[in-house]
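Subject: The structure I promised you

Hi,

Here is the structure we talked about, with my notes below it. Have a look at it first, then read on.

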Amino acid sequence: MNSRKGLTPGAHRGKIIGVFTSGGDSQGMNAAVRAVVRMGLYLGARVFFIREGYQGMVNGGNMIEEATWVSVSGIIHKGGTIIGSARCAEFRERQGRMRAALNLIKHGITNLVVIGGDGSLTGADLFRQEWTSYLDEFLNDAKITEEERQKCSHLHIVGMVGSIDNDFCGTDMTIGTDSALHRIVEAVDAIVTTASSHQRTFILEVMGRHCGYLALVAALASEADFVFIPEWPPEGNWQEILCKKLIQERESGQRLNIIIVAEGAMDRDGQPITAENVKKVVVDRLQQDTRVTVLGHVQRGGSPSAFDRVLGCRMGAEAVMALFEATPDSEAYVVSLAGNQSVRVPLMQCVQKTKEVGKCMANKDWQNAVKLRGTSFERNLLTYKMLTRLKPPKIASEIKQGLRLAVMHVGAPCCGMNAAVRSFVRNCLFRGDTVLAVHEGVEGLLEGNIKEMQWQDVSGWVGQGGAFLGTKRTLPDKHMDQIAANIKKFNIQGLLIVGGFEGYQCVLQMAEGRSKYPELCIPMCVVPATISNNVPGTDFSLGADTALNEITEICDRIRQSAQGTKRRVFVVETMGGYCGYLATLAGLAGGADAAYIYEEKFGIKDLMGDVIHMQAKMSEGVSRGLILRNENANQNYTTDFIFRLYSEEGKNIFTTRQNILGHMQQGGSPSPFDRNFGTKMASKAANFLIEALSKGPAFCKTQESAVLLGLVQRQYRFTPVQELQKDTDFKTRLPREQWWLCLRPVLYTLATSVKYLEKSADERKRAALCVSQSIAEDIAEALCDES
């Protein structure tokens, strides 16, 4: 797939778009605004900013301003919204909406992109429904001409949900939610150190209005001891349950406790539960040193996460396409995220479903309230309830099922591995099983470096990077005799491997060795964990999100380092082996001008074209350039070659610098996504191993007992590793199909300047004219010769 042969430039010339942000701001809105502007301009449309939301639409004048390609340059890393956001009382009245409509008509705007919450989107749909009546009144009052009425006969609206609360039904994630989770988890990580020093209990109040998503996921990602959310109020005796939990934690040696309270939390009678209420219970009943921290608008601030930047880019581009494909009969749509796909969903259908959640909560129908929040919310709640139950009593050994399950790493370390191990250990221990930790991967299994794990052994692991169990890349194919012997010696009945491509190969080799070694006829499961995201059978690997955030943050800093200097281009090399996932997604998140990868072949003409393109951007007023290259993109066009090419060809226009990021991409603390992802994946893997063993020895000899657990679109899927062989290119260690390649045209489109397009079009016209003149001269010469 060649991203340079994507959408047709100028295909929708003559159309006009208005874009605005409304309601509360959220990180990632600027990425969405940038995508709308650049996609619209690429396709030949004119795009207008409507500043200060609906208020700017009502006021008109200089609040409605035409956007240029350069006007959205250098904004993708900024939080909030550069075009402003406000709530507008006037727009709630028909007269206010009529003023807004007249202002749009005067600018010829008949396509609107609305970035806001459910209130903003509902207002936009009402505006669309009333549009024809506005036109009739304006025509009768001679405020518009018949020509203007015909030209603006239909108003098309597409929405994007920008909200940190993730309270909109119909999308897996709203723009800003992931960034808010980053702020919360960063705060908890910071608080943990001081809380542990003084043996304190900290109560954190987080935002979310009437939605508990932020509180719930933050609790999972921070190992919080208790969480209060509005969709699932605690039992009537929650005070006793909470105190019992805190006492048990302290008796087991824990020096701190974290309690998270959603701002809309309430009990089963509908009475609010505040952070101060919880503090009073803890202080009065347990006399613990307790502090309350209200995070407030800190959660809305800061730079957007890589996920929110990519989400904003994808949704913005899709919104423009939805507008241009709309017909007079089309209803208003909202662009949503379903798994890894951008989809269009009827706007009012989503709004109604969102309102149903509130009705269920008012009627104390908690089960349906949780269900309406979506599958992801349900899964998070189930996982949290399982992991934070009161620990098994000491007599648990008497009720053991006799299962001995092992966990180990194979491959390079990455963030999220420790979260997966913690989840697996506690899942199994709660059932009364024994968990064996194999240290140093296959080498540890060979040497018998295997130790039994206890509940407290994995305390505090969720937020830690790397792999505490140790990991190596060694594969088992040459050591099957010893591996089989040790599996028998330690009576290992099931095996979880948390690792990358080598982890997949490890289980594959062991599964294929079963005919010779009966000891290998045990259920085995791989949880893919690698920053490269190159494992077949899954769309996402553990650790890739953290690495992507690290790269994006480093690129932001690299760009900032040149602030105040002359024009500069940075050539940055990313990891990933032959997989271009990191380079492509970091390119989208960082607003890169180009990203060179192995999967998309490129040559010297492409490189020279990009240099010329960079020169064109600099002439427009852009002062910073970012070029990304995957480490194995091309063995001849190395990072150093590209750096030297840009240095030479651009020496009179810009300077060039080179950066190889290296192992910084593997470091840092796990992102909220990787903490949550690892926790849920390991929980499901534990269930698989236990269910497989319950099916008996015959099942453990089948292909279905050696699997890879992957997230494919929205589904967690167990795929036999032997079936995945046909989907794998073992030479390059890549899956044969990679979903993210569909994002390459978006990356290219958003990086292509209008001036460059116009220049290229002029050059093509001149070339075509020269060719036609040459042909005409040849024909004339031939006719002359004949005569």
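**What I found**

At 44% relative accessibility, Arg 209 counts as partly exposed. Keep in mind throughout that this is a predicted model. Arg 209 sits in the loop that links β6 (201–206) to α7 (213–222). Its backbone caught my eye: Arg 209 is not a glycine, yet its phi is positive, at about 55 degrees. Arg 209 also turns up among the contacts of Asp 118, which brings me to the annotated site.

**The annotated residues**

UniProt, in an unreviewed entry, lists Gly 24, Arg 87, Cys 88, Gly 117, Asp 118, Gly 119 and Ser 120 under "binding site". Where do these residues lie relative to the second largest pocket? The lining of that pocket includes Gly 24, Arg 87, Cys 88, Gly 117, Asp 118, Gly 119 and Ser 120. As the label comes from an unreviewed entry, please read it as a record and not as something I worked out from the model.

Taking Asp 118 on its own, the UniProt "binding site" annotation covers it, and its place is in helix α4 (residues 118–140). Asp 118 is partly exposed, at a relative accessible area of 22%. The cut-off for buried is under 20%, so with 22% Asp 118 does not count as buried. If you ignore neighbours within four places in sequence, Asp 118 is in contact with Phe 168, Arg 209, Val 351 and Thr 354.

Gly 117 belongs to the loop between β4 and α4. Beyond its neighbours within four places in sequence, Gly 117 has contacts with Ser 22 and Gly 162.

Arg 87 is in the loop between β3 (64–66) and α3 (94–107). With a relative accessibility of 65%, Arg 87 counts as exposed. Not counting residues up to four places away in sequence, Arg 87 touches Gly 23, Gly 24 and Gln 55.

**The pocket itself**

The volume of the second largest pocket is about 610 Å³. It is lined by 30 residues, and the closest to its centre are Gly 23, Arg 87, Arg 92, Gly 119 and Ser 120. Which element gives the largest share of the lining? That is α4, with five residues. Sorted by class, the lining of the second largest pocket has nine nonpolar, eleven polar and ten charged residues.

Arg 92, one of the residues closest to the pocket centre, lies in the loop between β3 and α3. Arg 92 is exposed, with 66% relative accessible area. Its C-alpha atom and that of Ile 82 are separated by 24 Å, with the two residues ten apart along the chain.

**An enclosed strand**

Now for strand β5 (residues 156–161). Is β5 largely enclosed or open to the outside? Six of its six residues are buried, so β5 is largely enclosed by the rest of the structure. His 156, Val 158 and Met 160 point one way from β5, while Ile 157, Gly 159 and Val 161 point the other way, and all are buried.

As for its partners, β5 runs parallel to strand β4 (residues 111–116), and six bridges join the two. Within that pairing, Leu 112 has Ile 157 of β5 as its bridge partner. β5 also pairs in the parallel sense with strand β10 (residues 333–338), over three bridges. There, the bridge partner of Gly 159 is Val 334 in β10.

**Two loop residues to look at**

Asp 329 is in the loop between α10 (306–324) and β10. It is exposed, at a relative accessible area of 75%. How far apart are the C-alpha atoms of Asp 329 and His 154? They are separated by 9.3 Å, although the two residues are 175 apart along the chain.

Ala 142 is found in the loop between α4 and α5 (146–151). Like Arg 209, which has a positive phi without being a glycine, Ala 142 is not a glycine and has a positive phi, here about 60 degrees. Ala 142 counts as exposed, at 64% relative accessibility.

Cheers

Terms used. Residues are numbered from 1 along each chain as its sequence is written. This is a predicted model: local features need pLDDT of at least 70, side-chain atom pairs count only at pLDDT 80 or more; totals for chains, interfaces and linings use all residues. Side-chain values use heavy atoms; hydrogens and water are left out. Buried means under 20% relative accessible area, exposed over 50%, partly exposed in between (1.4 Å probe, protein chains only). Helices (H or I, at least four residues) and strands (E, at least two) are DSSP runs, numbered from the N terminus. Two strands pair if DSSP finds at least two bridges between them. UniProt positions are given in the numbering used here, feature names are shortened, and annotations may be inferred rather than shown by experiment. Contact means heavy atoms within 4.5 Å. On a 1 Å grid over the protein atoms alone, a cavity is a set of points where a 1.4 Å probe fits but cannot get out, and a pocket is an open set with protein on both sides within 12 Å along at least five of seven lines; lining residues have an atom within 4 Å of a point. Grid points are joined across faces, edges and corners, and a volume is the space filled by probe spheres set on the points. Ala, Val, Leu, Ile, Met, Phe, Trp, Tyr, Cys and Pro count as nonpolar, Asp, Glu, Lys and Arg as charged, and the others, Gly among them, as polar.
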